[in-house]
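Open the model in your viewer and keep the selection tool at hand. The tour goes stop by stop.

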Protein chains: 2
Amino acid sequence: METLSKQKTVYKFGNGTAEGNGSMKELLGGKGANLEEMSLLGIPVPPGFTITTEMCTVYQNQGREMTLARIRDEVLDGIRHIEHIMGTCFGSPANPCLVSVRSGARVSMPGMMDTVLNIGLNDEAVLGLAAKSGKERFAWDSYRRLLQMYGDVVMNIKQFTENGHDPFEKELAAIKQAKGYASDQDLTVADLQELTATYKELIKKYTGEPFPTDPHEQLWNAIIAVFESWYTERAVVYRQLHDIPDTWGTAVNVQAMVFGNMGKHSASGVAFTRDAATGEDIFNGEYLIDAQGEDVVAGIRTPLQITLEGSRKWAQAAGISEAERQENYPSLEEYMPEVYAHLDEVQQKLEDHFADMQDLEFTIEEGRLWLLQTRTGKRTGKAMVKIGMDMYREGRIDRNTLLQRMEPEKLNELLHPVFDRQALSQATLLTKGLPASPGAASGQIVFFAEDAQAWQAAGKPVIMVRIETAADDLKGMAVANGILTARGGMTSHAAVVARGMGKCCVAGAGAIKIDYEQRTMEVNGQVLHEGDWLSLNGSTGEVFAGQIATVEAELDDDFNELMELADKVASLSVRTNADTPETARLARQFGARGIGLCRTEHMFFEGDRIKLMRQMIMADDEPGRRAALDKLLPIQRSDFEQIFEAMAGYPVTIRLLDPPLHEFVPHEEEAQQELAEEMGLSLEQIKNKVEELREVNPMLGHRGCRLGTTYPEITEMQTRAIIEAALNLQKRGIEVHPEIMVPLTGTVKEMVLQKELINSVAEAVFAERQDKLRYLVGTMIEIPRAALIANKIAEHADFFSFGTNDLTQMTFGYSRDDAGRFLPVYLEKGILTDNPFEVLDQEGVGQLIELATVRGRNFNKQLKLGICGEHGGEPRSIEFFNRQGFDYVSCSPYRVPVARLAAARAALTVNN
Amino acid sequence: METLSKQKTVYKFGNGTAEGNGSMKELLGGKGANLEEMSLLGIPVPPGFTITTEMCTVYQNQGREMTLARIRDEVLDGIRHIEHIMGTCFGSPANPCLVSVRSGARVSMPGMMDTVLNIGLNDEAVLGLAAKSGKERFAWDSYRRLLQMYGDVVMNIKQFTENGHDPFEKELAAIKQAKGYASDQDLTVADLQELTATYKELIKKYTGEPFPTDPHEQLWNAIIAVFESWYTERAVVYRQLHDIPDTWGTAVNVQAMVFGNMGKHSASGVAFTRDAATGEDIFNGEYLIDAQGEDVVAGIRTPLQITLEGSRKWAQAAGISEAERQENYPSLEEYMPEVYAHLDEVQQKLEDHFADMQDLEFTIEEGRLWLLQTRTGKRTGKAMVKIGMDMYREGRIDRNTLLQRMEPEKLNELLHPVFDRQALSQATLLTKGLPASPGAASGQIVFFAEDAQAWQAAGKPVIMVRIETAADDLKGMAVANGILTARGGMTSHAAVVARGMGKCCVAGAGAIKIDYEQRTMEVNGQVLHEGDWLSLNGSTGEVFAGQIATVEAELDDDFNELMELADKVASLSVRTNADTPETARLARQFGARGIGLCRTEHMFFEGDRIKLMRQMIMADDEPGRRAALDKLLPIQRSDFEQIFEAMAGYPVTIRLLDPPLHEFVPHEEEAQQELAEEMGLSLEQIKNKVEELREVNPMLGHRGCRLGTTYPEITEMQTRAIIEAALNLQKRGIEVHPEIMVPLTGTVKEMVLQKELINSVAEAVFAERQDKLRYLVGTMIEIPRAALIANKIAEHADFFSFGTNDLTQMTFGYSRDDAGRFLPVYLEKGILTDNPFEVLDQEGVGQLIELATVRGRNFNKQLKLGICGEHGGEPRSIEFFNRQGFDYVSCSPYRVPVARLAAARAALTVNN
């Protein structure tokens, strides 16, 4: 306690100086650190200070009083620093110093946490502000905003109202309706005075407490409210979704208020140093005249473009004439050329300084530019690759920095489908909105997040349609194929969140009228209902009626070059899980270097094959089974030939039959009757056999090498098919590397017996063909016991392939099919931080993998190590496998690029 | 090789001298070592020598020629030793030296391996033997026997015949039938001469090789045949059954032949120094005049008693008059008083020397006594205890020797009823299943639990016959005399429950086909109906048709004294698994010191309880569940009160609800309809709920603390019931030690949340009652992941109780209910040496236990460690738990004495 209390808790900045800098994100949050850095760079930022993230934890653990005691002196010193620079006085009625109180975590959590502006106003100070600024309406509007924000954020007024409704908004709407106003801008000074009086009454009425007139009390309460907002449910959910630890906490930034709403020479805006959707090197952004920053983000008024070029493009897309554009929608470049020039200089400086695309917030107060924030700009996958590759080629970042900046999951967006051109040409364009997040999507219309979840759970693809979105809609957006909003710009909540999710989004399609009650949307007279099909092109902003077929995206040169750079760095090789030649070819296009898991059972379901399979199962003795297997042999051989050919030159790991036999027999009477007739058996006999095969826990039953051990003839047939296929290809001059994989090994002797069998069949085929080739025999490690005795198994195996799906099931004792009943609760209660079937559980399952890896390699230096479970394509898991010295990961074809990039990043992590 | 070949391979004995001694069992086998020892003791044994067990391994690894090269010189020296003592000459036609060649492993494997007698005879020597002995018939009969044994054992004649029939026996039977002879004794010299000629022809005909006339060739071949017999299939199976390593090998004993069949002054016999059935200190045994040893064992002629007392008792039982007895069935004591006196002296000397009950084989040749073998006598469980305790009290063995000699499993015989011997001899064996729960039972067949209850209520003893059992069947099993299932292994539901109830059970009798509709069971073509009598031997797995009288076991003072001695030595405490006060009381009688596992779910099946349980399950919200739980609370509390009272003074570990909820709902439409009416719901609603609860792999599903975590109200109710019950008893002055156990923990946070909940409920109850008590909160370790993170869990647990059933299921990936499909094959192929559900798998599962134990104790020095899986009553597993420093094992009541003894033996093993 003593040592802690001597730590610095507040860092000041402003006027070209700062106590911290941009590298201090952990302590000061992203926003705070960048404000310090900007100030050091001589960029105009409103003076202020940052309270450290450590105080957020102190608040959580020790409460309000202890926290305030720790920060009080330094905060008051920070206030004096602001007063000094701004020439104002906090708490003075005549010359009031107003401040904003904002959150700022280590990473951006848009819209998740709270902000209070205009702290420092009260009934006297509002008069002083009016007198000093000469703008009475501005002063009263600022006071109105303070009351509204403070009442909401600090005093939690909605907690006290019925159904959580907002009494301020209701009152505001009432007065506007009574007076026939179209917008807030129409409110007069008298209206605002009446409103502030009403707001104060509402606060007293609902919360039982009066609005505090003491600016210091306002300040302390607002600081605590920001800390508190780190722990709100929606923030917790967001962090879970984005894997942000609760312990990071948020910093609090207190800054002098600057006003974009002081009249025609004031404005607020947001800007990106490059195009966040395409990655093109074009400065762009939006601004609103006479508005505060939140007005731009909220998407209530249609924002204007910052650059002339951007403005013209926007007008063209919106069908607005150049004359009308100049008149009503001027760019900042035209409207305030000097300020624009300053802003352009600042954005250049910031991008050069950070060597990355920046997302800026600025305010122009009476013609003077203030930067409120700079941060690394969120971007689409396409933009991520393009910006990264451009900067790499320009020599602004090196290869490792490039790779470390790439988010593997975002590559998914580049791999997403686009509309089929043919299908698109026949589609009906309904309207156009903003191309907020690229990709193409079709789905059925839903208007509410709960419906989105329910419909998606029922297997229906959905498009979520909202006037605008809020944090509550997150869960619906997460499951929707695409998102369409009627309001809001490129930086609206919907747009930012959708890009973060890599999900198609069209925002601000103003022509759409949505009726939540009727569950309809109307576009130019056409009414669409909940459940109707809708298609969105998030790259163009187009909205189509009906369902449109999609085709795969094409990978451009930037992407390919990036992948090649990744491969140079990675030590893990990336293979794919593929059961068909088509899948194998697709994965190869995505850069897979072999097959890590070829499941042979899928081959037994098509057409006549299933009949032969059933014939084998129904046979009561070995000769009967062999007769059926003999007929399956040429079919399997041909399958393997095609797969080997598709993967020529690369290893192909083929897993011997794995699932329990009951998966192959019919379970409904009609199909059983059919089978009975086909096989010349009675329905009774079929039913008995099916019943005999029934298992209480099939997952832990008669499957994997337990089948190959009890029915060695299955292993024999499959081995023969593999070896014969490989020899056939080798004869044709095609390079083949078969790897035969024994599933579900749990004892040494299973491995020994299966290996002996495989080798003896291979030798027999070699003798028959007078030819031979090299092949490997290895095993899945997917049973906890196999991991525990890996040293003994390794003596008899050329490779281990970790089946992390089953290993996770057995190590946790979770059935993947049944865990849905408790996993959501477990994630919600924080019992699990991730779904262990998505992200490898390093704490438990990882121990077994590490143990098996170390023991296996100790006894067999040549042992190849790979992974073929779902985790093979998951970046955090890949980092773990890389650390264990694995040779390869194997994942589904579409995950291959993600895995290649993750493998490179993992290699860099180890080397650093 | 060089060093090995200098090792001594042959040890001679005879005439009061010996090269080896009784301690050399590993090298010389049990028989050989004891022959050496007897010779040293001056007891008359036919002179001979033993070829070491090492040569058996040499034979296996290096083959016949290398083995013979190694032993040749020493064997020939041994033959000279025999010739010297007996004054005969091996290979001489005039004065032939005949020898026996017998196996002799470290432990006795009765009837498993081969013997060849009369080696040294051929067409010339038989004449010499006849001349020398003056007994022509004896000589030819000896030759006939040699041919028959040699042809069978050495030349494997049966391998060459159709269906493996014995051509010698066929020929012997033919000649007896042709001549109208009743017994072999009637064969004349001419008959025997004819037979020997025929036998030689048969050998040539079937094997293609002539019978070797060279005695040396006979000898070498016989020695190799004995080594070979160690590796026969039946011997391998026997060793697997008795856990004898293949590597031990057998020794070969070559001895001078002595003949009990040289006429009226010759005889052969076997004797026990004490009664092998009752343990009484009575010398007893049987002999046959003019017979070889195998005639006695084979039971072809009715043997006579050795002692007069034994003879009189025998005659009385058989209804034979004293006059007739004296005439036709004289005792050896009467028939050859001097020889008897010598034998009595020898048996005394041997028992004194070995300080244990001996099993002797002897031959009297022309009035001279020869001891062929002495070994520790096999005995019943009752005799084991009595003999051990008698010798201990007599000071002939110390406490540790006593305990080490006791075989824990044999105590079972003392604890359960057995069939009356007389009645059993007339019973018809139907089939055999697994000996799932020991004891003997007779009753009338019923197929349904309701019938079992009704019939039992009507005074009819029943045997419940099911394909397999489920929770629904509990009430039927509770009233049945015994349980028979067609499916399921040693740890199936039926087996586990039956053992818990101490009820006889035969499980997995696969030959039985049950037709529930017809209410019949079919075994090998025989159909039995409901109501037919059936008898089960749960100790052997035998199923008999009809009713067989049983006798109850009684626990005598010897038993109790033995148990007390065991407890003094043991470091492990033995608790019991008990769910009812009756079981708890029973277990306490057997010496249980607490309950290690009280399953609360069984309490929910009786009467109205199941209705309340179903009401809770059907409730769609927490208030609904709480309403039902409130009604269950007083019932549970009362259960706990009774159990605490039955175990007063000892700890009682209560496991919170564990099974998935679908085990409590009805799965058949009729019962569902009934439930619907009871609950005022539609059948549809019930069906939907049942379907909703259905799981693909219930073993890995929503159960254990996953229930307690998703429905905390269940944990709350159970905790309240436990604490209230304990306080109620404490108020009455009864000592209670409740231990609350969280099942199926897999993550630290599950444990933390459940513990917080338990503590908060306990605190609430303490406050309400203004009273408190000490209780422990711990967890099962039954999920592999729990073992891996045991260090972290241990921080929050007072105790770990290893649930080795589930831990085995998950570590192996075996479902106990389904593993029956491959486990038999796995045991047969030697993939597993034991069923891991019976004997703890130390190689795999044991690693997890050791790891959890070490990690747990490292982080929590006070951590109590116990085991409550099936392995808690298995001696080899108990040795493992003792080695790991466990505090207690817990097992079903009837296993408690077994576990107490095993715990003592385990402690001795560690100390030695």
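How much area do chain B and chain A bury between them? The answer is about 4500 Å², with 54% of it on carbon and sulfur atoms. Buried area is the accessible area (1.4 Å probe) that two parts lose on being put together, summed over both.

Before going on, note that this is a predicted model, in which local features need pLDDT of at least 70, side-chain atom pairs count only at pLDDT 80 or more, and totals for chains, interfaces and linings use all residues. Residues are numbered from 1 along each chain as its sequence is written, chains are lettered from A and ligands numbered from 1 in the order in which they are written, and side-chain values use heavy atoms, with hydrogens and water left out.

**Stop 1: between the chains**

Select L700(B), R785(B) and R821(B). These supply 15% of the area that chain B buries against chain A, more than any other three residues. Now widen the selection. On chain B, 50 residues are in contact (heavy atoms within 4.5 Å) with 49 residues of chain A.

Next, pick E843(A) and K792(B). Their side chains meet in a salt bridge, 2.7 Å from N to O. The term means a side-chain nitrogen of Lys or Arg within 4 Å of a carboxyl oxygen of Asp or Glu. Between chain B and chain A there are eight salt bridges. Over all chains, the structure holds 134.

**Stop 2: helix α5 of chain A**

Select residues 136-154 of chain A, which form helix α5. Helices are DSSP runs (H or I, at least four residues), numbered from the N terminus. Show D141(A) and R144(A). They lie three residues apart in α5(A), about one turn of the helix. Their side chains form a salt bridge at 3.0 Å, N to O.

Add helix α8 of chain A, residues 215-229. The axes of α5(A) and α8(A) come within 10 Å and cross at roughly 45°. Axes are lines fitted to C-alpha atoms, for helices over the stretch in contact, and angles run from 0 to 180 degrees between N-to-C directions. The two helices are therefore oblique to each other. Angles under 35 degrees count as roughly parallel, over 145 as roughly antiparallel, 65 to 115 as roughly perpendicular and the rest as oblique.

Which residues make the contact of α5(A) with α8(A)? α5(A) brings L146(A), Y150(A), V153(A) and V154(A). α8(A) brings E217(A), Q218(A), N221(A), A222(A) and A225(A).

**Stop 3: helices α23 and α25 of chain A**

Select residues 581-589 and 622-646 of chain A, helices α23 and α25. They pack at an angle of about 10°, with axes 8 Å apart. That makes α23(A) roughly parallel to α25(A). P581(A), A584(A), R585(A) and R588(A) of α23(A) meet Q642(A), I643(A) and A646(A) of α25(A).

**Stop 4: helices α3 and α8 of chain B**

Move to chain B and select α3, residues 54-86, with α8, residues 215-229. Their axes come within 10 Å and cross at roughly 140°. α3(B) and α8(B) are therefore oblique to each other. Residues of the contact include Y59(B) and I71(B) of α3(B), and W220(B) and F227(B) of α8(B).
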